[in-house]
Amino acid sequence: MSVAGRDAITPLDVAIVGGGLCGLALANSLNAQGLSQAVYEARDRLGGRILSPRAINNGLALDMGAAWFWPANQPRMVRLLGDLKLASFPQHDTGRISQLVNADGAPRIVDVDDLHNGAWRIEGGAGSVIDALVARLPTTALHRGYVLESLCEQSQHIELRFGSTGGPVTVWAHQVVLALPPRLVEERLAFEPPLNGQLRERLRETPTWMAGQAKLAVAYGGPDGVSEDGMSRAAFWREEGLSGNGLASYPRAALGEVHDACDALGFRAAFNAFFALPADIRAQFRQGLPLLAVSQLAQWFGRRAQAGEVHLHDWAEEPWTCATLDRMPLEEHPDYGDPVLSVPAWQGRLHFGGSETAAHGGGYMEGALEAAARLRREILVSRVTLGEGAGP
Ligand SMILES: Cc1cc2nc3c(=O)[nH]c(=O)nc-3n(C[C@H](O)[C@H](O)[C@H](O)COP(=O)(O)OP(=O)(O)OC[C@H]3O[C@@H](n4cnc5c(N)ncnc54)[C@H](O)[C@@H]3O)c2cc1C
């Protein structure tokens, strides 16, 4: 067994488990406090439910997880993008909508204004937020491929046991933040002593937003997608007065909705779509899903929609996002921010985070930032009450 981050007798001030937006935003804000801290992430990449790979054909960042924020009521996202000097632009909603009401028929073309309620997108994809946060942290404080398996309360610190490709690793920390979807905390982690029954129940009853979903992205054209008159031809739907928004309301539709995912100027073109089929059905038809999805795109927007580079990401198949209960489709956005999850356990040493613990913006990127701000306050207060540092 090896020891990561610090030697065996000097616990870290704070161990942050989970390198998604919540964990990374928290690590950034604690950095300024001069605490010894490290982030431990199960995957070999950081970002969690934010993932923006580049299309090979046109270099466009494709948001396979989070894409939108709503500047009108998400001030933390607005502030963070300003701090990180990242540009953003409104979701392209101009034009008519293509609506499918049966499996074989032609689409209905309808007018709907502002389908996405004032949503904006981030230039370079939501992944550029993660890249910018990571760039501000010392690389020695970021540990990828560390899967937390169990936690044990000791008198002055917490012992964390991780699985890693190099074998088991033990870490000691005065305070621990679980910046994870609450359901994963309850389902995957062993606690010694066990967490109390009410806390476990609340963790289990908090659904992980979008964890059971899958997204499709299809990118069109080459890197410059611009014709001689300076206009884009890659986003062919825009030429026909279509917004790129499509809805499907018939039973067993592969995709439920699609939208324009071009860059800010519409030069590099793409669609982004959400699957309508639930996780278990997708698992049965995995091989055929891309073909099924692309033929539905053609039904919405014509044959040219079939000639793109296809990316598919099924979050329900990702063990570090989707708990067993999350495979059941959600009917609506849950009420997040259960106050029980904002109370630290184990004398103030163990903190629960992740977007789903936030009362405002819970489930969204905004919620991940709100949770990070609450956790920072909690940690600084606990340092005082535990007698381990100066006040906030
Ligand atoms: C398909 C999809 C679309 C979405 N669309 C939007 C959108 O348009 N706008 C929006 O605001 N939000 C959207 N979201 C939600 C948004 O992505 C999340 O709110 C946000 O990214 C949550 O960040 P987080 O850090 O709280 O959690 P996560 O991103 O889930 O991060 C948790 C991290 O913990 C790690 N982890 C898990 N278990 C362990 C373990 N045992 N040990 C170590 N590490 C572990 C995970 O690998 C992960 O990196 C979407 C999500 C999905 C999946």
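Start with the whole chain: nine helices and 19 strands. Both are DSSP runs numbered from the N terminus, helices being H or I of at least four residues and strands E of at least two. The radius of gyration is 22 Å, close to the 21 Å of the globule rule for 392 residues, so the chain is as compact as a globular protein of that length. That radius is taken over C-alpha atoms, and the rule is 2.2 Å times the number of residues to the power 0.38.

Two notes before you select anything. Numbering runs from 1 along each chain as its sequence is written. The model is predicted: local features need pLDDT of at least 70, side-chain atom pairs count only at pLDDT 80 or more, and totals for chains, interfaces and linings use all residues.

**Overall view**

Show the C-alpha trace. Along its principal axes it spans about 65 × 40 × 40 Å. Colour by burial next: 47% of the 392 residues count as buried. Buried means 20 or more other C-beta atoms within 10 Å of the residue's own, exposed means 12 or fewer, and partly exposed lies in between, with C-beta atoms placed from the backbone. Now draw the contacts, which are pairs with C-beta atoms, placed from the backbone, within 7 Å. Of those with a separation of 6 or more, 69% link residues 24 or more positions apart.

**Two domains**

Select 2-47 + 130-209 + 331-385 for domain 1, then 95-125 + 212-317 for domain 2. These bounds come from an automatic or database domain assignment. The C-alpha centres of domain 1 and domain 2 lie 35 Å apart.

**The ligand**

Centre on the ligand. Where does it lie relative to domain 1 and domain 2? Both domains give residues to its shell, so the ligand lies between them. The shell holds 42 residues, and the closest are G18, G20, G48, R49 and Y364. A residue is near the ligand if its C-beta atom, placed from the backbone, lies within 6 Å of it.

Next, highlight the elements that each supply at least two shell residues: α1 (21-31), β3 (37-41), β4 (68-69), β10 (147-153), α4 (182-188) and α9 (365-385). Which of them gives the largest share? Pick α9, with four residues.

Recolour the shell by residue class. It divides into 24 nonpolar, 12 polar and six charged residues. Here Ala, Val, Leu, Ile, Met, Phe, Trp, Tyr, Cys and Pro count as nonpolar, Asp, Glu, Lys and Arg as charged, and the others, Gly among them, as polar.

**From β10 to the cis bond**

Stay with β10. Six bridges join β10 to β11 (residues 158-163), and the two run antiparallel. Strands pair if DSSP finds at least two bridges between them. E153 has I158 of β11 as its bridge partner. β10 and β11 form a hairpin with four residues between them.

β10 also runs parallel to β13, joined by three bridges. Find C152, which stands opposite E192 in β13. Then step along to the next bond. E192 and P193 are joined by a cis peptide bond, with omega about 0°. P193 sits in the loop between β13 (190-192) and α5 (197-204).

**A three-stranded sheet**

Go to β4, another strand of the ligand shell. It belongs to an open antiparallel sheet of three strands, ordered β4-β8-β5. The edges are β4 and β5 (88-90), each pairing on one side only. Two bridges join β4 to β8 (residues 120-122). Select F69 and its bridge partner W120 in β8.

**β15, β16 and β17**

Move to β15 (residues 242-248) and β16 (residues 255-260), which run antiparallel and share two bridges. G246 pairs with V258 of β16. The two strands make a hairpin with six residues between them.

Zoom in on R252, in the loop between β15 and β16. Its phi is near 70°, positive in a residue other than glycine. Is R252 buried or exposed? It counts as exposed, because it has 9 C-beta neighbours inside 10 Å.

Cross β16 to β17 (residues 269-275): five bridges, antiparallel. E257 stands opposite F274 in β17.

**Last stop: W346**

Select W346, in the loop between β18 (309-314) and β19 (350-352). Phi of W346 is near 50°, again a positive value in a residue other than glycine. With 17 C-beta neighbours inside 10 Å, W346 counts as partly exposed.

How values were computed:
Contact = placed C-beta atoms within 7 Å.
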